Amino acid sequence: MIDSQQASEALAEINEVARRVRQSRIYNLASLMLIMWGVLVFAGYLGSFWLPRYAGYFWIALNVAGVAGSFAISAFGYPKTGIRTFDVRMLIAFLLFFAFGFLCTSVLGQFTPRQMGAVWPIYFMLLYIIAGLWMGHAFVAIGLGISVLALVGYFFIGDWFDLWMALVDGGGLILGGLWMRRS
Amino acid sequence: MAELDDIIHQPLRLKIMAALNALPATAGLEFSRLKKLTGATDGNLGAHIETLAKAGYVAVDKAFVGKKPQTTVSATASGRGAFARHVATLQEIIAASARRPE
């Protein structure tokens, strides 16, 4: 028979392994979402660069596609994981978040396309950083990295800003998703 | 007080069972992910999974994903029960120690 000290150590070990499994599952599910959104965002910035007059339509269509894709990934993963990563509550949270961003950038303020291109990703990355405080440091690292690179692009990259953002925001999300799959 | 389960109590097997029990009943973990989570070597992990499988605590499923072989390990109902009893015994040991006068 073991003593209470050894029993406590065994329970602590069990809790630590369970915590790592939970985090691994969160990363695994989130990684697919990140890769999908990365591809969409990459396409959105390329659209903004080549056809700036239609950028608004692109982004609306891409966001609708992203929400539909998030539902599909959640439904596909549910039988295997028992976790719904995107449900009606998440959709409402997304819409509220989006509505507040729209209110700030297009109603109360009139942001230029370039400002929009920098503010929206930083605004969304704020969500990643906050979520990362509970769900793992990878979200914080991805959120901070993309935010800093978006600001660098805004201040220092001239006419190539949309291409820069396609690379750092779209590419950053894809790389972040791949990194999470390996974590 | 109930006895500790000798099969589960070994440190690496305890980690394996803890990892598998953190999943939903129908889910399993791939060998490579289990290896990463437990920090074990291939040979060591394989040997301990075999011990758990012989006891009926885990099920091992080998399949091909594309051209790559993939081994998935999941806890059986019997394994989940044994693990829950093992954890309860550990908690009893701690509680008994706290009740004992110095």
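**Entry 1: α4 and α5 of chain A**

I began with the packing of α4(A) against helix α5 (residues 137-156) of chain A, and I found their axes 7 Å apart at an angle of about 160°. Because an angle over 145 degrees counts as roughly antiparallel, I entered α4(A) as roughly antiparallel to α5(A). I noted that this is a predicted model. The crossing of α4(A) and α5(A) I recorded as left-handed.

I then looked up which residues meet. On the side of α4(A) I listed, among them, A:R114, A:A118, A:P121, A:I122 and A:M125. On the side of α5(A) I listed residues including A:H137, A:F139, A:V140, A:I142 and A:G143. By class, I found 17 nonpolar, five polar and one charged residues in the contact of α4(A) with α5(A).

**Entry 2: A:Q110**

I located A:Q110 in the loop between α3 (88-108) and α4 (113-135) of chain A. Is A:Q110 buried or exposed? I entered A:Q110 as exposed because it has 8 C-beta neighbours inside 10 Å, and a residue with 12 or fewer is classed in that way. I also looked up its separation from A:Y123: the two residues are 13 apart in sequence, and their C-alpha atoms are 16 Å apart in space.

**Entry 3: where chain A touches chain B**

I recorded 17 residues of chain A in contact with 16 residues of chain B. On the side of chain A, I noted that α1 (4-50) and α2 (55-81) each supply at least two residues. Which helix gives the most to that side? I found that it is α1(A), with 13 residues. By class, I entered eight nonpolar, five polar and four charged residues for the side of chain A that touches chain B.

**Entry 4: the sheet of chain B**

I turned to chain B and found an open sheet of three strands in the order β1-β3-β2, with antiparallel pairing. I noted β1 (29-30) and β2 (58-65) of chain B as the edge strands, each of which pairs on one side only.

I looked up the pairings in turn. Two bridges join β1(B) to β3 (residues 68-75) of chain B, and I found B:E30 opposite B:T72 of β3(B). For β2(B) and β3(B), I recorded eight bridges in the antiparallel sense. In that pairing I noted B:V65, whose bridge partner in β3(B) is B:K68. The hairpin of β2(B) and β3(B) has two residues between the strands, and I found that B:G66 takes a positive phi near 70° there.

**Entry 5: helices of chain B**

I next looked up what lies across the sheet. Helix α2 (residues 11-21) of chain B lies across β1, β2 and β3 of that chain, and I recorded its direction at about 85° to β3(B). Helix α4 (residues 42-54) of chain B lies across β2 and β3, and I entered about 125° to β2(B) for it.

I closed with α2(B) and helix α3 (residues 31-38) of chain B, which pack with their axes 10 Å apart at an angle of about 120°. I therefore entered α2(B) as oblique to α3(B). I noted their crossing as right-handed. The contact is made by B:L12, B:K15, B:I16 and B:A19 of α2(B), and by B:L34, B:L37 and B:T38 of α3(B). I classed the residues of this contact as five nonpolar, one polar and one charged.

Notes. Residues are numbered from 1 along each chain as its sequence is written. Chains are lettered from A and ligands numbered from 1 in the order in which they are written. This is a predicted model: local features need pLDDT of at least 70, side-chain atom pairs count only at pLDDT 80 or more; totals for chains, interfaces and linings use all residues. Two strands pair if DSSP finds at least two bridges between them. Helices (H or I, at least four residues) and strands (E, at least two) are DSSP runs, numbered from the N terminus. Two residues are in contact if their C-beta atoms, placed from the backbone, lie within 7 Å. Axes are lines fitted to C-alpha atoms, for helices over the stretch in contact, and angles run from 0 to 180 degrees between N-to-C directions. A residue is buried if 20 or more other C-beta atoms lie within 10 Å of its own, exposed if 12 or fewer, and partly exposed in between; C-beta atoms are placed from the backbone. Angles under 35 degrees count as roughly parallel, over 145 as roughly antiparallel, 65 to 115 as roughly perpendicular and the rest as oblique. A crossing is left-handed if the near helix is turned anticlockwise from the far one by less than a right angle, and right-handed if clockwise. Ala, Val, Leu, Ile, Met, Phe, Trp, Tyr, Cys and Pro count as nonpolar, Asp, Glu, Lys and Arg as charged, and the others, Gly among them, as polar.
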